[in-house]
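Got your viewer open? Let's take a walk through this one, selecting a few things at each stop.

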Amino acid sequence: MEVLLGITGKDFTIICASKAAMRGATILKASDDKTRNLNKHNLMAYSGEAGDTTQFAEYVQANVQLYSMRSGTHLGPDAVANFVRGEVAKALRSRRPYNVNLLLGGVDPTTGKPSLYWCDYLAALAKLPYAAHGYAQYYCLSILDKHHHPDIELDQGLKILRMCTDELKRRLPIDFKGVLVKIITKDGIREHDYVDDKQILPA
Amino acid sequence: MADRYSFSLTTFSPTGKLVQIEYALNAVNQGVTALGIKATNGIVLATEKKSSSPLIDASSSSKISLITPNIGMVYSGMGPDYRVLVDKARKVTHTNYKRIYNEYPPTRILVQDVARVMQEATQSGGVRPYGVSLLIAGWDDGIEPETKAGEDAEPEAEKLAVKSGKTGGILKGGPSLYQVDPSGSYFPWKATAIGKSATSAKTFLEKRYTEGLELEDAIHIALLTLKETIEGEMNGETVEIGIVGPPEDKLLGYEGVEGAVGPRFRVLSSQEVEDYLTNL
Amino acid sequence: MSSPFSINGGAAVAMVGKDCVAIACDLRLGLQSLTVSNNYPKIFPYGDVYLGLTGLATDISTVSDLLRYKVNMYRLREERAISPQTLANLVSSSLYERRFGPYFVSPVIAGLNHKDGKPFICGFDSIGCIDFAKDFIVSGTASDQLFGMCEGLWEPDLGPDELFETISQALLSAVDRDALSGWGAHVYIIEKDKVTKRLLKGRQD
């Protein structure tokens with residue numbers, strides 16, 4: 001019941017992840033951050049098996065940052081996405097694969113173009129205008145299909161995100177403890193103060 | 001004191017030379033002369049087959065080897081090293097090429113592979129360089145050098161050649177002749193010689209070589225060149241000739257298969273050599 | 001249902017025409033019945049030879065990247081573009097190298113021979129057995145439907161325009177009867193000195 005959502009717009013990418021850390025049916029924590037900053041303009045959100053997720057995220061984060069230190073340049077969103085896919089794919093056919101699903105949000109600092117990559121634990125990679133992982137896909141993709149346009153402004157993007165999170169609260173059987181929302185623009189990554197305490201009535 | 005700095009056989013001398021490679025070249029320059037001449041429609045490789053004793057059965061030893069159906073090789077220098085290189089050349093032909101692309105490598109690719117084997121012996125520990133120079137002759141499918149646009153049998157391919165704008169490869173076919181040295185460096189030649197009398201043989205070839213040579217002329221010149229340098233008697237037993245010529249479908253061992261093309265490279269029989277010698 | 005070949009869905013087809021060849025693919029990427037992307041092309045150019053890959057999405061990326069590397073190395077080493085036949089053998093040997101842990105892909109190749117300009121198409125199973133065909137090659141979750149459509153529509157010596165119509169109608173009709181493929185298509189018509197790429201919208205449901 002982990003939620004990962006991503007929406008791109010004119011000059012931004014929104015990444016949204018549920019705050020509940022779960023083990024089986026138990027919620028261990030209600031303020032979990034399922035994202036990692038890979039560099040100034042790339043954010044990765046992850047879900048999946050408990051140990052694998054953070055292990056993998058930190059490994060990727062360290063390597064993307066190592067690249068910047070060695071070369072003095074930053075990897076762009078496309079390069080980051082293909083690197084991460086490569087690592088998931090390499091592990092997939094190893095003795096112990098990573099069981100992680102990923103969303104990679106970024107903005108190309110030179111062109112200002114936003115990007116969003118969807119990558120599942122099988123290392124299937126797709127560049128998308130909006131994406132989700134897990135059960136959230138079934139509830140949110142249809143909403144996004146209807147309301148999303150590639151050139152929306154940030155406030156419209158957040159409005160659509162609200163529709164999505166409301167729907168998730170309404171229909172998911174387990175409370176995912178609200179979502180953490182991060183926004184990537186050409187200025188970098190920032191956390192968005194997402195008011196999440198409103199009661200959503202069941203349909 | 002000097003030997004304190006002789007860490008390995010493959011260490012630079014203070015003058016910037018790798019003396020082991022020079023010694024290997026010395027071994028080559030003491031070797032029996034071998035030569036190659038490129039013609040328009042083929043290539044000839046020739047060498048002297050010296051035997052230390054009249055009891056040697058010359059007909060069952062050979063210095064010119066087939067590497068692929070279209071590529072042959074001859075050497076000057078140390079015989080045992082050559083045999084090892086022939087084995088390795090035949091092996092890389094398959095591992096690096098035929099088993100991947102299901103076709104034999106073009107001559108240049110094979111030359112590079114053999115050259116790599118020889119170069120590695122100049123930079124690895126515990127080994128010595130190969131004491132041979134090689135002449136590698138091969139024929140590649142593709143457009144032959146003298147074919148001009150809109151003039152010959154392959155207008156289709158010619159147009160594609162213009163389109164892709166690439167040099168060499170499929171588009172550049174025909175004969176080629178390379179020399180590979182113990183250092184791993186290689187050179188393309190129209191005609192050349194290696195071994196003991198290489199210098200005089202090359203001077204002779206410079207005088208005799210002309211553009212637009214045919215294979216039969218090239219064989220003739222090869223024998224004349226060899227005659228200048230040879231020490232013993234010249235006959236079918238003491239001279240060895242390998243040719244890259246037109247496809248020999250007879251050598252396939254079968255017939256009636258559409259599209260099957262015979263090998264271009266073969267070593268001439270002693271009788272054939274004898275025939276050429278009588279016409280000299 | 002959980003066969004690796006049908007998790008993500010997708011379809012590809014290649015056809016021979018008169019002095020031309022065509023190759024086409026759908027654009028869907030899915031997870032079982034859920035569509036994740038409707039812009040996931042499955043045809044990759046290697047010089048003037050084209051490779052279509054259907055099957056498990058991760059292996060489509062892995063195999064296409066691997067072959068890009070191998071073909072680039074070939075071009076640098078040999079100073080020439082790879083021919084369709086040579087690429088076919090390269091694909092075959094690369095797949096067979098993973099005989100006991102295969103890539104779950106069904107590749108299709110289309111191109112014109114460099115020397116004589118003759119059309120060449122072929123397909124493979126996931127461990128590299130080459131299927132040479134004189135008419136058409138199909139692959140993917142809609143392969144049964146594609147067989148039927150190609151069998152019905154294809155005829156010898158189609159010109160580039162007729163070939164485009166034939167391959168497009170064959171693919172579009174085939175994917176309409178397959179829940180796991182569709183959402184538009186890419187069609188390449190390869191002629192001696194021209195390659196035309198067309199994007200077909202197709203049914204978006």
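Here is a tour that goes from chain B to the chain contacts, then to the cores and some single residues. Keep in mind that what you are looking at is a predicted model.

**Stop 1: chain B**

Start by selecting chain B and switching to a cartoon view. You should find seven helices and 10 strands. Chain B has 280 residues, and 47% of them count as buried. Now switch on its surface: about 14,500 Å² is accessible, with 51% of that belonging to carbon and sulfur atoms. How much of the contact in chain B with a separation of 6 or more comes from residues 24 or more positions apart? The share is 68%.

**Stop 2: who touches whom**

Color by chain next. Two pairs of chains touch, and the pair with the most contacts is B and C. Chains A and B have no contact with each other; their closest C-alpha atoms are 23 Å apart.

**Stop 3: where A meets C**

Select the residues of chain A and chain C that are in contact. You'll pick up 15 residues from chain A and 18 residues from chain C. The size of an interface is often given as the accessible area lost when the parts come together. For chains A and C, the buried area is about 1,200 Å², and carbon and sulfur atoms give 60% of it. On the chain A side, show A:Arg85, A:Arg93 and A:Leu122 as sticks: these lose the most area to chain C, together 40% of what that side buries.

Stay on A:Arg93 for a moment. Which side chain of chain C does A:Arg93 meet in a salt bridge? Select C:Asp59 and you have the partner, at 2.5 Å from N to O. The count of salt bridges between chain A and chain C is one. There are also six residue pairs in polar contact across these two chains, both residues being at pLDDT 80 or more. To see what holds the chain A side of the contact, highlight helix 2 (77-92), strand 9 (125-127) and helix 3 (136-147), each of which supplies at least two of the residues touching chain C.

**Stop 4: the nonpolar cores**

Hide the surface and look inside. The largest nonpolar core has 69 residues, and the members touching the most others are A:Leu5, A:Trp118, A:Leu144, A:Leu161, C:Leu87 and C:Ile109. Helix 1 (residues 57-78) of chain C brings the largest share of this core, six residues. Then jump to a second, separate core of 26 residues, where B:Leu35, B:Val239, B:Val273 and B:Leu277 are among the members.

**Stop 5: B:Thr47**

Back in chain B, zoom in on B:Thr47, which sits in strand 2 (residues 42-48). Is B:Thr47 buried or exposed? It counts as buried because its relative accessibility is 0%. Display B:Lys63 too: its side chain makes a polar contact with the side chain of B:Thr47, at 3.4 Å. Beyond four places in sequence, the residues B:Thr47 touches include B:Val32, B:Ile64, B:Leu226 and B:Val239.

**Stop 6: a round of salt bridges**

Over all chains, the count comes to 24 salt bridges. Try A:Lys169 and A:Asp196, whose side chains meet at 3.3 Å, N to O. This pair links distant parts of the chain, 27 residues apart: A:Lys169 is in helix 4 (residues 154-171), while A:Asp196 is in the segment after strand 12 (188-192). A:Lys169 is partly exposed, at 26% relative accessible area, whereas A:Asp196 counts as buried, at 15%.

Next, select A:Lys177 and A:Asp175, another salt bridge, with its closest N and O atoms 3.3 Å apart. A:Lys177 is partly exposed at 34%, and A:Asp175 is partly exposed at 45%.

Over in chain C, C:Arg80 and C:Glu78 meet in a salt bridge at 2.5 Å, N to O. Both of these residues are buried. For a network, select B:Glu248, B:Lys250, B:Arg266 and B:Glu272, which are joined by salt bridges that share partners.

**Last stop: C:Gly30**

Finish at C:Gly30, in strand 3 (residues 29-31) of chain C. C:Gly30 is buried, since its relative accessible area is 0%. Leaving aside neighbours within four places in sequence, C:Gly30 is in contact with C:Ile7, C:Asn8, C:Thr35 and C:Val36. To end, draw a line to C:Glu155, 125 residues along the chain from C:Gly30: their C-alpha atoms are separated by 33 Å.

Notes
Residues numbered from 1 in each chain as written. Chains lettered and ligands numbered in written order. Predicted model: local features only at pLDDT ≥ 70, side-chain atom pairs only at ≥ 80, totals over all residues. Heavy atoms only, no water. Helix = DSSP H or I, 4+ residues; strand = E, 2+ residues; numbered from the N terminus. Buried < 20%, exposed > 50% of the residue type's maximum accessible area, 1.4 Å probe, protein only. Contact = heavy atoms within 4.5 Å. Areas by Shrake-Rupley, 256 points an atom, 1.4 Å probe, with all protein chains shown as cover. Core = buried A, V, L, I, M, F, W, Y, C linked by side-chain atoms within 4.5 Å. Buried area = accessible area lost by both parts, 1.4 Å probe. Salt bridge = Lys/Arg side-chain N within 4 Å of Asp/Glu carboxyl O. Polar contact = N/O pair within 3.5 Å; in protein donor to acceptor, adjacent residues only side chain to side chain.
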